[in-house]
Amino acid sequence: NVTIANEEQLLGGVRSPESANDSFKRDLQIDEVKEDTSKEKEGEKEEGEASKAQSIPARLVIEDHVPLSSPELLSTVCIPDAKVVEGVGFYDIFLTVDTKMKTQQRWSLTRRYSDFHTMHSAISTKLGGEEKIPGDLVLPAKASKLFWSHTSERFVEARREKLEEYLRCLISCKNNKALFIPEVLHFFNDDAELIDTLMRDSKGNLVHIVASP
């Protein structure tokens, strides 16, 4: 009995040709399953990355290269500061634009009083006939240098306030054609610099977006 038991144990440890073939097939199937699982995970990873990119497209693309590509999207304007450089007054303008991608962009540009005057002259020429110029769109008049110092802090500040009021009146009249006049587009677009882009999070708060290089 002892001898038979040992032979059975020995036979149990030796594979027959048929059992070896079955084992090979089983190992092959396991390798195929591992490969399919790996491909599936890679596919899920790619889909996840694509979905993530689509959910925040503004991180990848800055939609507009100028603030007034669509004038009706211009939201707010202000002139927070003015400065005098070599006897000439410069006014810093900040714009907020609501883009078509539901983001918000903030732009900055600097203009002289002469730039305002050129733009307003074009508006008066092209809308002074049958078209109606916005009623409150009044550009501050030029002041004589004989009676006023154009570089004094008081004069520059007073003009800054009036020019800011002028621009706010201009953009508030979205239904008139003034914003589409070429000189107006040039005024807002030329040398304008994009400060940043914002989008609303799930709570409706504006958050910064950094564009990918």
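Phe116 is buried in this predicted model. The relative accessible area of Phe116 is 0%. Two aromatic partners are described here for Phe116, one in helix 4 and one in helix 5.

The structure as a whole yields four aromatic pairs. In one of them, Phe116 meets Tyr166 edge-to-face. The ring centres of Phe116 and Tyr166 are 6.5 Å apart, and the planes make an angle of 70°. This pair spans distant parts of the chain, since Phe116 belongs to helix 3 and Tyr166 to helix 4, 50 residues apart. Tyr166 counts as buried because its relative accessibility is 1%, under the 20% limit. The rings of Phe116 and Phe187 are also paired. Their centres lie 4.9 Å apart and their planes meet at 65°, so this pair is edge-to-face, the angle being over 60 degrees. Here too distant parts of the chain are linked: Phe116 sits in helix 3 and Phe187 in helix 5, 71 residues apart. Phe187 has a relative accessibility of 4% and therefore counts as buried. Ring pairs extend into a cluster made of Tyr91, Phe116, Tyr166, Phe187 and Phe188.

Charged side chains also meet rings. Arg111 lies over the face of Phe187. The distance from Arg111 to the ring centre is 5.5 Å. Arg159 places its charged end over the ring of Tyr113. That end is 3.9 Å from the centre of the Tyr113 ring.

Helix 5 covers residues 182-189. Its buried residues are Val184, Phe187, Phe188 and Asn189. These buried residues pack against three strands and two helices of the protein. The strands are strand 1 (74-85), strand 2 (88-98) and strand 3 (103-112). The helices are helix 3 (113-127) and helix 4 (153-172). Asp191 follows just after helix 5 and adopts a positive phi of about 60°.

The wider fold frames these details. The protein contains five helices and five strands. Along the sequence, their order is α-α-β-β-β-α-α-α-β-β. Of the 213 residues, 30% are buried. Contacts between residues at least 6 apart in sequence were examined for their reach along the chain. Of these contacts, 59% join residues at least 24 apart. The exposed area of the protein is about 14,600 Å². Carbon and sulfur atoms supply 52% of that area.

Six salt bridges are found in the whole structure. One of them joins Lys83 and Asp92. The closest N and O atoms of Lys83 and Asp92 are 2.9 Å apart. The two partners differ in exposure. Lys83 is partly exposed, at 35% relative accessibility. Asp92 is buried, at 14%.

Helix 4 holds a set of linked charges. Arg160 forms a salt bridge with Glu157, at 2.8 Å from N to O. Three residues separate Arg160 from Glu157 along helix 4, so they are about one helical turn apart. Arg160 also meets Glu164 in a salt bridge, at 3.9 Å from N to O. Arg160 and Glu164 are four residues apart in helix 4, again about one turn. An α-helix has 3.6 residues a turn, so residues three or four places apart point the same way. Both Arg160 and Glu164 are buried. Salt bridges with shared partners tie Glu157, Arg160, Glu164 and Arg168 into one network. For Arg160, the relative accessibility is 12%, so this residue counts as buried. Glu157 has a relative accessibility of 33% and counts as partly exposed.

Asp196 is located in strand 4, which runs over residues 193-200. Is Asp196 buried or exposed? Asp196 is buried because its relative accessible area of 11% falls under 20%. The side chains of Asp196 and Arg106 are joined by a polar contact of 2.6 Å. Leaving aside residues up to four places away in sequence, Asp196 touches Gln104, Gln105, Arg106 and His208. Arg106 is thus among the residues that Asp196 touches, and its side chain makes the polar contact with Asp196.

Methods
Residues are numbered from 1 along each chain as its sequence is written. This is a predicted model: local features need pLDDT of at least 70, side-chain atom pairs count only at pLDDT 80 or more; totals for chains, interfaces and linings use all residues. Side-chain values use heavy atoms; hydrogens and water are left out. Buried means under 20% relative accessible area, exposed over 50%, partly exposed in between (1.4 Å probe, protein chains only). A polar contact is a pair of N or O atoms within 3.5 Å; within protein, one must be able to donate a hydrogen and the other to accept it, and residues adjacent in sequence count only if both atoms are side-chain atoms. Contact means heavy atoms within 4.5 Å. Accessible areas come from the Shrake-Rupley method with a 1.4 Å probe; for residues, only the protein chains shown count as cover. A salt bridge is a side-chain nitrogen of Lys or Arg within 4 Å of a carboxyl oxygen of Asp or Glu. Rings of Phe, Tyr and Trp (its six-membered ring) pair if their centres lie within 6.5 Å; planes under 30 degrees apart count as stacked, over 60 as edge-to-face and the rest as tilted. A charge sits over a ring if NZ of Lys or CZ of Arg is within 6 Å of the ring centre and within 35 degrees of the ring normal.
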